[in-house]
Amino acid sequence: PLSGVSLSAQSPKGQVAPGDRLVLKCVVAMKTGPLSFSWHRGGSAAPLGTGPCLELRHVGDNDSGHYQCQASNGDSMAESVPLNVTIL
């Protein structure tokens, strides 16, 4: 089973100035087999992206919120603790 899914941002504490670029990275500590990823904000079912990284170019006020990544290896799925992104 997958475990140790975590999220990291290139900006400290997930704080970004309007117009800046935000890159979020999904890291899986224990992995087996090929992984698939999906990114979500604020509990939305529609994925924002499907790769190990999510890049938001030119962030705005509507990009703030709790971001979460889900990793799946086909047999099991694990998700990260939500990261709160704040647009300054």
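Trainee: Is Asp 63 buried or exposed?
Mentor: This is a predicted model, so every value here is computed from it. The relative accessible area of Asp 63 is 15%. Buried means under 20%. Asp 63 is therefore buried.

Trainee: Which side chain meets Asp 63 in a salt bridge?
Mentor: Look for a Lys or Arg nitrogen within 4 Å of a carboxyl oxygen of Asp 63. One contact has an N to O distance of 3.7 Å, so it passes that cut-off. The partner is Arg 41.

Trainee: How many residues apart in sequence are Asp 63 and Arg 41?
Mentor: Start with their places. Asp 63 is in the loop between β5 and β6 (65-72), while Arg 41 belongs to strand β4 (residues 36-41). The pair thus ties together parts of the chain separated in sequence by 22 residues.

Trainee: Is Arg 41 buried, exposed or partly exposed?
Mentor: Arg 41 has a relative accessible area of 29%. The buried class ends at 20% and the exposed class starts over 50%. Arg 41 falls in between, so this residue is partly exposed.

Trainee: How many salt bridges are there in the model?
Mentor: Asp 63 and Arg 41 make one of them. Glu 55 and Arg 21 form another, with their closest N and O atoms 3.0 Å apart. Arg 57 and Glu 55 also meet, at 3.5 Å. The count is three.

Trainee: How many residues apart are Glu 55 and Arg 21?
Mentor: Glu 55 is in strand β5 (residues 53-56). Arg 21 is in the loop between β2 (15-16) and β3 (22-30). This pair links distant parts of the chain, at a separation of 34 residues.

Trainee: Which residues are joined into one network by shared partners?
Mentor: Glu 55 bridges to Arg 21. Glu 55 also bridges to Arg 57. The shared partner joins the bridges into one network of Arg 21, Glu 55 and Arg 57.

Trainee: Is Arg 57 buried, exposed or partly exposed?
Mentor: Take its network partners for contrast. Glu 55 is partly exposed at 36%, and Arg 21 is partly exposed at 45%. Arg 57 has 60% relative accessibility, over the 50% cut-off, so Arg 57 is exposed.

Trainee: Which cysteines form a disulfide?
Mentor: The count comes to one disulfide. Its sulfur atoms are 2.0 Å apart, and the cut-off is 2.5 Å. The pair links strand β3 to strand β6, 43 residues apart. The partners are Cys 26 and Cys 69.

Trainee: Is that disulfide right-handed or left-handed?
Mentor: Both of its cysteines, Cys 26 and Cys 69, are buried. The torsion about their S-S bond is about 65 degrees, so the disulfide is right-handed.

Trainee: Why is Cys 53 not bonded to the closest cysteine sulfur?
Mentor: Cys 53 is partly exposed, at 40% relative accessible area. Its closest cysteine sulfur is in Cys 26. That is too far for a bond, because the distance is 8.9 Å.

Trainee: Which element gives the most to the largest nonpolar core?
Mentor: This core has 20 residues, and those with the most contacts inside it are Val 5, Leu 22, Leu 24, Trp 39 and Val 85. Elements giving two or more residues are β1, β3, β4, β5, β6 and β8 (83-87). The element that gives the most, with four residues, is β3.

Trainee: Which strands stand at the edges of the three-strand sheet?
Mentor: The sheet is open, with antiparallel pairing and the order β1-β3-β5. An edge strand has a single partner, so one of its sides has no neighbour in the sheet. The edge strands are β1 and β5.

Trainee: How many bridges join β1 to β3?
Mentor: These two strands run antiparallel. Ser 8 stands opposite Lys 25 in β3. The number of bridges joining β1 to β3 is six.

Trainee: Which residues does Ser 80 touch?
Mentor: Ser 80 is in the loop between β7 (77-79) and β8. Its relative accessible area is 2%, so Ser 80 is buried. Leaving out residues up to four places away in sequence, Ser 80 touches Val 5, Ser 6, Leu 7, Gln 68 and Cys 69.

Trainee: How far apart in space are Leu 2 and Met 77?
Mentor: Leu 2 is in the segment before β1 (3-9). Leu 2 is buried, at 9% relative accessibility. In sequence, Leu 2 and Met 77 are 75 residues apart. In space, C-alpha to C-alpha, the distance is 6.5 Å.

Technical notes:
Residues numbered from 1 in each chain as written. Predicted model: local features only at pLDDT ≥ 70, side-chain atom pairs only at ≥ 80, totals over all residues. Heavy atoms only, no water. Buried < 20%, exposed > 50% of the residue type's maximum accessible area, 1.4 Å probe, protein only. Core = buried A, V, L, I, M, F, W, Y, C linked by side-chain atoms within 4.5 Å. Pairing = 2+ DSSP bridges. Contact = heavy atoms within 4.5 Å.
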